[in-house]
Amino acid sequence: MAFSGVEKQSVVTGIIIHHYEKQHPVSFLPAASSSVSDKLCSKLSWGEMAFRGWRRLLLGRQNALARAWRSRRGAPSLRWKRCRHWSTGRTLDPEVRAFLEENTEVTRSGHLTPEIRLRLLTPRCRFWREKPDLWPYGDPFWAIYWPGGQALSRYILDNPRVVKGRSVLDLGSGCGATAIAAVMSGASQVLANDIDPIAGMAMRLNCELNHLDPFPIAIKNIINSDAGKWDLIVLGDMFYDEQLADGLHRWLRKCIRMHQTEVLIGDPGRYQFLSHSIHNQLHKVIEYSLPEYTRQENNGLTSSIVWSYQPSSNSLESC
């Protein structure tokens, strides 16, 4: 199935080549916009959030993010004020590029994969101290290197055979670290996916930082659609909402039943993940102790685990 001209505009890196269109048909929809109340945020500076553990603010907004992922049409939930139109070619929107370069820090420390350089929000960034309302785009979930993604990326870098010569879909890619790890480890094809267009731009910048050619990026909610045949699907930190977890569970089972796709999940042990029925069909692959900085920024979580999703035959038949 070939994409229409409008659908192709949802691909950050420009054109997904014809091979991708034939082998990996994806229904690309418009990115979502936000209806989340910012009353609490407007009362706090980013510096105050840093003192309290500012990631808790984004965690509090994950209900809205989950609604966007659950909606096939992209229900309003991610606010992006100034990025309605931007180039889909090889060159990023210069205004957005300049903003991201000015207001993020290039770092390789404090996480599990020092081999990968990333642009992230850190205490040295201006918006760490500014009011969140002054951030002109959607909530920057992509600017955090979440622990589930860290574990997946570390595992892939340590075990390149997992992706070497294989096609990989990185669902909810965020900063793009796991997709970058897959490229570094020899994956034959990589598609990163997120619903925030700014995340896509940040991924492009992170590819540049790591001297990689940009991989295709689908800015779209592909859950509940046919994502095509992939050898491996990786997803980290996506089980933060019960309904979203239910949708992911059903969708992943269909991917496995239809295409015999392998699925790896990264999660630090959040309640919504551990309490979900999918947990009974997981095989623990490896557990990593988190660096101290990541522990402090994630409410004291001490480790992150990579799981292999292996649903039973009866489960696959029922999906």
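**Helices H8, H9 and H10 in a predicted model**

In this predicted model, H8 and H9 pack with their axes 8 Å apart and at an angle of about 5 degrees.

Q: Why are H8 and H9 called roughly parallel to each other?
A: The angle between their axes is about 5 degrees, and angles under 35 degrees count as roughly parallel, so H8 and H9 are described as roughly parallel to each other. On the H8 side the contact is made by Gly-149, Leu-152, Ser-153, Ile-156 and Leu-157, and on the H9 side by Ala-177, Thr-178, Ala-181, Ala-182 and Met-184.

Q: What makes H9 largely enclosed by the rest of the structure?
A: A residue is buried when its relative accessible area is under 20%, and six of the eight residues of H9 are buried, so H9 is largely enclosed by the rest of the structure. These residues are Ala-177, Thr-178, Ala-179, Ile-180, Ala-181 and Ala-182. Their cover includes helix H8 (147-158), H10, and the strands E2, E3 (167-171), E4 and E6 (232-236).

Q: Which residue with a positive phi follows H9?
A: H9 is followed by Gly-186, whose phi is near 95 degrees.

Q: How do you know that the span of H10 agrees with its number of residues?
A: At 1.5 Å a residue, the 13 residues of H10 (residues 197-209) should span 18 Å, and because the end C-alpha atoms are 19 Å apart, the two values agree.

Q: Why is H10 called largely enclosed?
A: With under 20% relative accessible area as the cut-off for buried, 12 of the 13 residues of H10 are buried, so H10 is largely enclosed by the rest of the structure. Among them are Pro-197, Gly-200, Met-203, Arg-204, Asn-206 and Leu-209. The buried residues of H10 pack against the helices H7 (94-103) and H9 (177-184), and also against the strands E1 (105-107), E2 (118-120), E4 (189-194) and E5 (217-219).

Q: What caps the N-terminal end of H10, and which residue with a positive phi follows H10?
A: The cap is Asp-196, which has a side-chain oxygen 2.9 Å from the backbone nitrogen of Ile-198, a distance that falls within the 3.5 Å limit for a polar contact. H10 is followed by His-211, with a positive phi near 60 degrees.

Q: How many helices and strands does the chain have, and what share of its residues is buried?
A: The chain has 14 helices and nine strands, and buried residues make up 60% of its 319 residues. Of the contacts with a separation of 6 or more, 73% are between residues 24 or more positions apart.

Methods:
Residues are numbered from 1 along each chain as its sequence is written. This is a predicted model: local features need pLDDT of at least 70, side-chain atom pairs count only at pLDDT 80 or more; totals for chains, interfaces and linings use all residues. Side-chain values use heavy atoms; hydrogens and water are left out. Helices (H or I, at least four residues) and strands (E, at least two) are DSSP runs, numbered from the N terminus. The expected span of a helix is 1.5 Å times one less than its number of residues. Buried means under 20% relative accessible area, exposed over 50%, partly exposed in between (1.4 Å probe, protein chains only). Contact means heavy atoms within 4.5 Å. A polar contact is a pair of N or O atoms within 3.5 Å; within protein, one must be able to donate a hydrogen and the other to accept it, and residues adjacent in sequence count only if both atoms are side-chain atoms. Axes are lines fitted to C-alpha atoms, for helices over the stretch in contact, and angles run from 0 to 180 degrees between N-to-C directions. Angles under 35 degrees count as roughly parallel, over 145 as roughly antiparallel, 65 to 115 as roughly perpendicular and the rest as oblique.
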